[in-house]
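Here are some notes for a colleague opening this structure for the first time. Have it on screen and click along as you read.

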Amino acid sequence: MINPNHVTVTKSPILKTIAGRCPRCGQGRLFRGFLKVADRCDVCDLDYSHHDAADGPAVFVIFVVGTIAAVGAVWLDFAQRPPVWVHVLVWPTVVIGLSVALLRPFKGFFVGV
């Protein structure tokens, strides 16, 4: 008889790689540096050498961050009419911060796919 209280949930390999973990075991590290994909999983020994995300993650990050920055800058300018120096301080910070924050998960996604 199946125990209804025992449910095994297996995460998708894509969700594991977005989190920076091995797509097979979910425990080993996918990256050995900030964006450098490791040669193999240190837990289950899965070979990552054939995974190449190329420029795909950067392109999608540019689309996402560029859209957020452009819409945000136009909205801020029309809603608040700030001086130019506010835009000069706010938008480079937003663009750099979002780019750094999104690049690794997007690369993990591309490796997982």
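1. Start on the surface. V59, F60, I62, F63, V64 and I68 make up a nonpolar patch there, and together they offer about 530 Å² of accessible area. Do keep in mind that you are looking at a predicted model.

2. Now pick out F60 from that patch. You'll find F60 in helix α2, which covers residues 56-80. Is F60 buried, exposed or partly exposed? With a relative accessible area of 40%, F60 lands in the partly exposed class, because that class sits between the 20% limit for buried and the 50% limit for exposed.

3. On to the rings. There are three aromatic pairs in the structure. One of them joins F60 and F63 in an edge-to-face arrangement, with 6.3 Å from centre to centre and 85° between the planes. Both residues belong to helix α2, and they sit three residues apart, about one turn of the helix. F63 has a relative accessibility of 54%, so it counts as exposed, whereas F60, at 40%, counts as partly exposed.

4. F60 has another ring partner, F110. Their centres are 5.5 Å apart and their planes meet at 50°, so this pair is tilted. Where do the two partners lie? F60 is in helix α2 while F110 is in helix α3 (residues 84-112), so the pair ties together parts that are 50 residues apart in sequence. F110 itself counts as partly exposed, because its relative accessibility is 26%.

5. Zoom out a little from those pairs. F60, F63, F109 and F110 are linked into a cluster by ring pairs. So F60 is worth a second look: F60 is part of the nonpolar surface patch and also a member of this ring cluster.

6. Next, the cysteines. How many disulfides turn up in a search of the whole structure? The search comes back with zero. Take C22: the closest cysteine sulfur belongs to C44 and is 3.6 Å from the sulfur of C22, which is too far for a bond because a disulfide needs the two sulfurs within 2.5 Å. C22 is also buried, at 0% relative accessibility.

7. C25 tells a similar story. Its sulfur has the one in C41 as its closest cysteine sulfur, at 3.7 Å, and that is again too far for a bond. C25 is partly exposed, with a relative accessible area of 25%. As for its place in the chain, C25 is in the loop between α1 and α2. Measure across to G56 on your screen: the C-alpha atoms of C25 and G56 are 25 Å apart, and the two residues are separated by 31 residues along the chain.

8. Finally, have a look at T17. This threonine is part of helix α1, residues 13-18, and is buried, with a relative accessible area of 0%. What lies 2.8 Å from a polar atom of the T17 side chain? That would be the backbone oxygen of G108.

Definitions and conventions: Residues are numbered from 1 along each chain as its sequence is written. This is a predicted model: local features need pLDDT of at least 70, side-chain atom pairs count only at pLDDT 80 or more; totals for chains, interfaces and linings use all residues. Side-chain values use heavy atoms; hydrogens and water are left out. Patches are made of residues with over 30% relative accessible area and no salt bridge: like charges are joined within 9 Å, nonpolar side chains (Val, Leu, Ile, Met, Phe, Trp, Tyr) within 5 Å. Accessible areas come from the Shrake-Rupley method with a 1.4 Å probe; for residues, only the protein chains shown count as cover. A salt bridge is a side-chain nitrogen of Lys or Arg within 4 Å of a carboxyl oxygen of Asp or Glu. Helices (H or I, at least four residues) and strands (E, at least two) are DSSP runs, numbered from the N terminus. Buried means under 20% relative accessible area, exposed over 50%, partly exposed in between (1.4 Å probe, protein chains only). Rings of Phe, Tyr and Trp (its six-membered ring) pair if their centres lie within 6.5 Å; planes under 30 degrees apart count as stacked, over 60 as edge-to-face and the rest as tilted. A polar contact is a pair of N or O atoms within 3.5 Å; within protein, one must be able to donate a hydrogen and the other to accept it, and residues adjacent in sequence count only if both atoms are side-chain atoms.
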